[in-house]
Amino acid sequence: IFILASGFALYSFYSNSSSFSKDKIDFFINAPISLDSGNDAEVDFSVTNKNTTSISEAYIIISYNSGENISGNENLITKRIDMGEILPNTSINKSISISLFGNESDVKNIDSTLFYKVPASKAEFNRTGTPISVLIKSSPVSISVNSLKEVHQNNNFDINLSIVNNTNNEIKNLLVSARPPNDFVYSSSSL
C-alpha cells in the first residue's frame, strides 16, 4: 500500500493534472490582411482552455485607430467581447465587425488582450494577443478634376469635380476644399 500511495503522490506531483497553467490557454485573432477603407471587416476571436479546470468571466478588449475622425486626431476605438465561462478542454469563438478608414497603403493595427479569472482566486489574469496589422487597399473617396489646361484672362471656364465613394457604407459630412490660383474669381457652383 505504501508503494501504491507513493506512486500516486509522485504521479500527481509530476503530472500537474490538477494545476492551472496560463500556458494551457490559447488565444487567437484572425482578421483580413488588407481591406478597402471604410468597408466592414469581420475579426474572429478564439479562446481554447486546455486546463482541467474552467476559466470564468473571460472577455477580450480590442483597440484600434478607426481613422474616421474629421479633426485629424487619432480615433481610438475600444470594444469588449464577452466570452463568459470556458469549460476545460473547450473553445469559444466569436466575431465582431469593424470599419477602418485611411489612405491607400496605410497600415492599421488591432491590439487585443484576454482577461479571465480562475477557480479559487479573486485575481483577474490577462494574456496579450499578437497585434494584427491590416493594410488599407484603397482610400474611401476618390476625387478627379476635369478642367482646361490653359485659360485666357477674363474668360469663364468650368472645373468639374467627380467624387466617388469607394466604400459600401454611406459617408457623411464629407468636405471638399480647393485652393484656387491667384487672381481666380469664383462665380458659381452646381452644389
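Outside its neighbours within four places in sequence, Ser 63 is in contact (heavy atoms within 4.5 Å) with Leu 76, Ile 77, Thr 78, Asn 109, Ile 110 and Asp 111. Ser 63 belongs to strand E4, which covers residues 55-65. Because its relative accessibility is 18%, Ser 63 counts as buried, a term meaning under 20% relative accessible area with a 1.4 Å probe and protein chains only. The model is a predicted one, in which local features need pLDDT of at least 70 and side-chain atom pairs count only at pLDDT 80 or more, while totals for chains, interfaces and linings use all residues. Residues are numbered from 1 along each chain as its sequence is written, and side-chain values use heavy atoms, without hydrogens and water.

The chain contains one helix and eleven strands, taken as DSSP runs of at least four residues (H or I) and at least two (E), respectively, and numbered from the N terminus. Along the sequence, the helix precedes the strands. Of the 191 residues, 28% are buried. Among contacts with a separation of 6 or more, 65% join residues 24 or more positions apart.

The largest pocket (on a 1 Å grid over the protein atoms alone, an open set of points where a 1.4 Å probe fits, with protein on both sides within 12 Å along at least five of seven lines; lining residues have an atom within 4 Å of a point) has 32 lining residues. Phe 157, Asp 158, Ile 159, Phe 184 and Tyr 186 lie nearest its centre. Strand E11 (residues 159-165) gives the most to this lining, with four residues.

Conventions: Buried means under 20% relative accessible area, exposed over 50%, partly exposed in between (1.4 Å probe, protein chains only).
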